Amino acid sequence: MKNLLTIFAALTITFTSAFATSTPVTLINTDAVVVVSIESLDIFNSAQFNAETENLSFTTTDEISMIQIFNADGQLEFQLPVMSNDVKINKNLFGEGSYQLGFILEGESQLHVTQVTIK
């Protein structure tokens, strides 16, 4: 019985992982910044980097209630209320390296994650 449960659990995890994986999509790719959407969800209308102002700009299909910024270790560094579908984040909030931006859309609890690499 224990072996049957172990096999069932292993198969469930395998199938869940297989169906949950998606191809990352590059949203921004410049000499200074690379932003990759980890999920296949199309929540972004646009994503840009302005080199003059050093702002990352995101426009989403629905209103963003909160953005969470995680460091390379996955620790929460900032949590920013937005209440708009248009947000600009200055590059000076980040140091050089990898970060994750988590977008929480209004009325949702799901975190939509992007990988941000500052060069």
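Start by selecting Glu54, which counts as partly exposed at 35% relative accessibility. The model on screen is a predicted one. Glu54 sits in the loop between β3 and β4. Its phi is positive, about 55°, although Glu54 is not a glycine. Most residues other than glycine have a negative phi.

**Next door: Asn55**

Move on to Asn55, which lies in strand β4. Is Asn55 buried or exposed? Asn55 has a relative accessible area of 16%, and the limit for buried is under 20%, so Asn55 counts as buried. To see what surrounds Asn55, leave aside its neighbours within four places in sequence and show its contacts: Gln48, Phe49, Asn50, Lys88, Ile89 and Asn90.

**The whole chain**

Now zoom out and colour by secondary structure. The protein has 1 helix and 7 strands. Read from the N terminus, the order of elements is α-β-β-β-β-β-β-β. Of the 119 residues in the protein, 34% are buried. The surface that the protein exposes comes to about 7,400 Å², and carbon and sulfur atoms supply 54% of this area. Consider also the contacts between residues at least 6 apart in sequence: 45% of them join residues at least 24 apart.

**How the strands pair**

Select β4 and β6 together. These two strands pair in the antiparallel sense, over 6 bridges. For one place to look, find Gln68, which stands opposite Gly102 in β6.

Keep β6 selected and add strand β7, residues 111-118. β6 and β7 run antiparallel and are joined by 8 bridges. Which residue of β7 is the bridge partner of Gln100? The partner is Gln115. One can also pick Leu101, which stands opposite Thr114 in β7.

Follow the chain from β6 to β7. The two strands form a hairpin, with 5 residues between them. In the turn, select Gly107, which has a positive phi of about 80°.

Then add β2 to the view. β2 and β7 run antiparallel, with 5 bridges joining them. Val33 is a place to check, as it stands opposite Ile118 in β7.

**The aromatic pairs**

Hide the backbone for a moment and show the aromatic rings. There are 4 aromatic pairs in the count. One of them is Phe44 with Phe58: the ring centres are 5.7 Å apart and the planes meet at 45°, which makes the pair tilted. Phe44 lies in strand β3 (residues 44-50) and Phe58 in strand β4 (residues 55-70), so this pair ties together parts that are 14 residues apart in sequence. Both Phe44 and Phe58 are buried.

Stay on Phe44 and add Phe103. Why does the pair of Phe44 and Phe103 count as edge-to-face? The planes of the two rings are at 85°, and edge-to-face needs over 60 degrees, so the pair falls in that class. The centres of these two rings are 5.1 Å apart. Phe103 is in strand β6 (residues 97-105) while Phe44 is in β3, so the parts tied together here are 59 residues apart in sequence. Phe103 is buried, as is Phe44. Show the three rings at once: Phe44, Phe58 and Phe103 form one aromatic cluster.

**The nonpolar core**

In soluble globular proteins, nonpolar side chains tend to be buried together. Here, the largest nonpolar core has 23 residues. Select Leu56, Phe58, Ile67, Leu101 and Phe103, the residues with the most contacts inside this core. The strands β2 (33-37), β3, β4, β5 (76-90), β6 and β7 each supply at least two residues of the core. Which strand gives the largest share of the core? That strand is β4, with 5 residues.

Centre the view on Ile67 and show its contacts, not counting residues up to four places away in sequence. Ile67 touches Phe78, Gln79, Leu80, Val82, Val87, Ile89, Leu101, Gly102 and Phe103.

**Last stop: Met83**

Finish at Met83, which is found in strand β5. Met83 is not a glycine, yet its phi is positive, at about 55°. The tour began with another such residue, Glu54, whose phi is also positive at about 55°.

Key. Residues numbered from 1 in each chain as written. Predicted model: local features only at pLDDT ≥ 70, side-chain atom pairs only at ≥ 80, totals over all residues. Heavy atoms only, no water. Phe/Tyr/Trp six-rings, centres within 6.5 Å; stacked < 30°, edge-to-face > 60°. Helix = DSSP H or I, 4+ residues; strand = E, 2+ residues; numbered from the N terminus. Buried < 20%, exposed > 50% of the residue type's maximum accessible area, 1.4 Å probe, protein only. Contact = heavy atoms within 4.5 Å. Pairing = 2+ DSSP bridges. Core = buried A, V, L, I, M, F, W, Y, C linked by side-chain atoms within 4.5 Å. Areas by Shrake-Rupley, 256 points an atom, 1.4 Å probe, with all protein chains shown as cover.
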